[in-house]
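Hi everyone, thanks for making time today. I'd like to walk you through one chain, starting with its overall form and ending with a pocket.

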Amino acid sequence: MKPSNAKGTRDYSALQVAKRYYIFDTLKSIFSKYGFCPIETPAVEKLSTLTGKYGEEGDQLLFKVLNNGDFLKSVKDEDLQNRDYKKMTHDMSSRGLRYDLTVPFARYVSQHQSEIQFPFKRYQIQPVWRGDRPQKGRYQEFYQCDVDVVGSDSLMYEAELVRILDEGFRALQIPIVIKLNNRKVLNGIAEVAGVQDQFTDMTVAIDKLDKIGQEGVEKELTKRNIAPDSITKIFELLSIKELPKLKEALGSSEVGLKGIDELETVFNYINLQPIESTVELDYTLARGLNYYTGCIFEVKAVGVEMGSISGGGRYDDLTSAFGLKNISGVGISFGADRIFDVLEELNKFPSRIEKSTKVLLIAMDDKSHLFAYKSLHYFREANISADLYPEPAKMKKQMKYANNKNIPFVIIIGESEMETGMLMLKNMETGMQVQSTLGEIIRKLS
RNA sequence: GUGGUUGUAGCUCAGUUGGUUAGAGCGCCUGAUUGUGGUUCAGGAGGUCGUCGGUUCGAGACCGAUCUUCCACCCCA
């Protein structure tokens, strides 16, 4: 049998793990600087927790876990006969793998509300699973790094998240554009254009504007049975770039005006301190997850062909599905795997990641091997990442090992070194070598 | 979910209309060099051609199923 991974999943080898930890650690330190604490939730949730939160499309992508034991016992003969897979899954499966970190978080908050001091700021770095067809930057198992605040509707937090995005991607050296919109503005546009009933159709179509152009969007809107008059109106509104003018145009829509107000407030917060990344208003930004109700964000890497590498928004009512009413939350998710691919493409991983071991001891014979093994201890004691080749093999072989493992220093120990106590330290990059005592070398390498 | 695409040595890939014993480069191992890697030279090991089944005197090649890869749509991180 030829081994291979299950669809849409990958192994992470040592170097890849080191690179991933670099991403996680970079983000973690920023998250905690802003006062967020980590939590973790199980990979498996009840299906009742997960279904109905992501829209029909999302529900279909949920991985369901078969019940233990005789899972056919509770399936009705009728459903089996009719091959009614939806009813059958309901009886055969009561759990599923988490689809994102936000919904399990909402469950967590509702369940633990008595222990939580609101506003609650948490971050969470864990894998999620989606039964999508895999593609580049698109996997069935991938990691999300979520930062969320619940229990406050202050727009200060929207601005804070923008700042975290800016700082996070700056630390990772990825140039980005942050796109900002507000679902209420989209609602307003739908109202003014008279298509409230087709809100989702409208947003899905205009979300593609930068991809398929105005003509394509017109076609898409027409296909979705939106009246020509409304289409004209929608494009008229979308062409307005300045907030005050859009405010005027949306005058008849209360919710639209609220959305504009919110955006203005967010920008006021953001502008209190200079920010490096481009933050742009984009009324066409829609985002698919239908639990968003206010501001929405999306981040694109500049100069790389890749879907969005981060996204999020405000959700006013997610916890009410779990019985906790009137709790507003806002959060963003960093897509770790896509960030990984972008860093790889831009060649922006720091080179230090590739050097895990700093020095390799090389022994010439059995006696010096034991001596080297004893010396190894002192390097580790001094917190220097050190290793010893497991046997006194040919020097060439040991050198090659150090070379292939990217180990920058080698110490050669043979009979004469043991006698004099002067060890041979070789710099693998320059090829230079000097004789020093153990203590001297340790001091040099620390 | 719809329509395509890919799979041959550890890696990247050749392999004519079906016809002897399946190739190359890189990597790996050994030696030139018994205490010096990343260069050079010589030699060597390594493949039930993704899997299962079918057609055929004969299949890496043709057909079917299945798994996997990548792509477009859909959606999204």
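Before I point at anything, one definition: when I say helix or strand, I mean a DSSP run, H or I over at least four residues for a helix and E over at least two for a strand, numbered from the N terminus. And please keep in mind that this is a predicted model.

With that naming in hand, let's begin with a loop. Tyr-283 sits in the loop between β8 (278–281) and β9 (295–301). Is Tyr-283 buried or exposed? The cut-off for buried is under 20% relative accessible area, and Tyr-283 has 5%, so it counts as buried. Who are its partners? Leaving aside neighbours within four places in sequence, Tyr-283 is in contact with ten residues you can click through, among them Asn-181, Val-185, Ile-206, Lys-241 and Leu-246. There is also a C-alpha distance to look at: Tyr-283 and Leu-237 are 46 residues apart along the chain, and their C-alpha atoms are separated by 9.2 Å.

Now let's zoom out to the whole chain. Chain A has 18 helices and 16 strands. Its radius of gyration is 28 Å, whereas a compact globule of 446 residues would come out near 22 Å. The C-alpha trace spans about 90 × 65 × 50 Å along the principal axes of chain A. Half the chain is under cover, in the sense that 50% of the 446 residues count as buried. The exposed surface is about 23200 Å², and carbon and sulfur atoms supply 49% of that area. For contacts between residues at least 6 apart in sequence, 70% join residues at least 24 apart.

Next, a helix. Helix α6, residues 102–111, is mostly covered, with nine of its 10 residues buried. The buried set includes Val-103, Phe-105, Arg-107 and Tyr-108. What do the buried residues of α6 pack against? They pack against β2 (44–46), α2, β5 (120–129), β6 (141–150) and β10 (310–315).

Two of those strands bring us to Gln-140, which lies in the loop between β5 and β6. At 10% relative accessibility, Gln-140 is buried. Apart from neighbours within four places in sequence, Gln-140 is in contact with Lys-7, Gly-8, Phe-63 and Trp-129, among others.

Let me finish with the open space. Rolling a probe the size of a water molecule over the atoms shows where empty space is left. Here I'd like to show you the second largest pocket, which holds about 420 Å³ of space. Helices α2 (47–50), α3 (55–61) and α5 (85–92) are the elements that give two or more residues to its lining. Which of them gives the largest share? That would be α5, with four residues. In total 13 residues line the second largest pocket, and Thr-51, Asp-59, Lys-64, Lys-86 and Thr-89 lie nearest its centre. By character, the lining has two nonpolar, seven polar and four charged residues.

While we are at α5, have a look at Asp-91, which belongs to that helix. Asp-91 has a relative accessible area of 15%, so it counts as buried too. Beyond its neighbours within four places in sequence, Asp-91 is in contact with Asn-67, Phe-71, Ser-74, Val-75, Lys-76 and Asp-79.

That's my tour, and I'm happy to take questions.

Technical notes. Residues are numbered from 1 along each chain as its sequence is written. Chains are lettered from A and ligands numbered from 1 in the order in which they are written. This is a predicted model: local features need pLDDT of at least 70, side-chain atom pairs count only at pLDDT 80 or more; totals for chains, interfaces and linings use all residues. Side-chain values use heavy atoms; hydrogens and water are left out. On a 1 Å grid over the protein atoms alone, a cavity is a set of points where a 1.4 Å probe fits but cannot get out, and a pocket is an open set with protein on both sides within 12 Å along at least five of seven lines; lining residues have an atom within 4 Å of a point. Grid points are joined across faces, edges and corners, and a volume is the space filled by probe spheres set on the points. Ala, Val, Leu, Ile, Met, Phe, Trp, Tyr, Cys and Pro count as nonpolar, Asp, Glu, Lys and Arg as charged, and the others, Gly among them, as polar. The radius of gyration is taken over C-alpha atoms; the globule rule is 2.2 Å times the number of residues to the power 0.38. Buried means under 20% relative accessible area, exposed over 50%, partly exposed in between (1.4 Å probe, protein chains only). Contact means heavy atoms within 4.5 Å. Accessible areas come from the Shrake-Rupley method with a 1.4 Å probe; for residues, only the protein chains shown count as cover.
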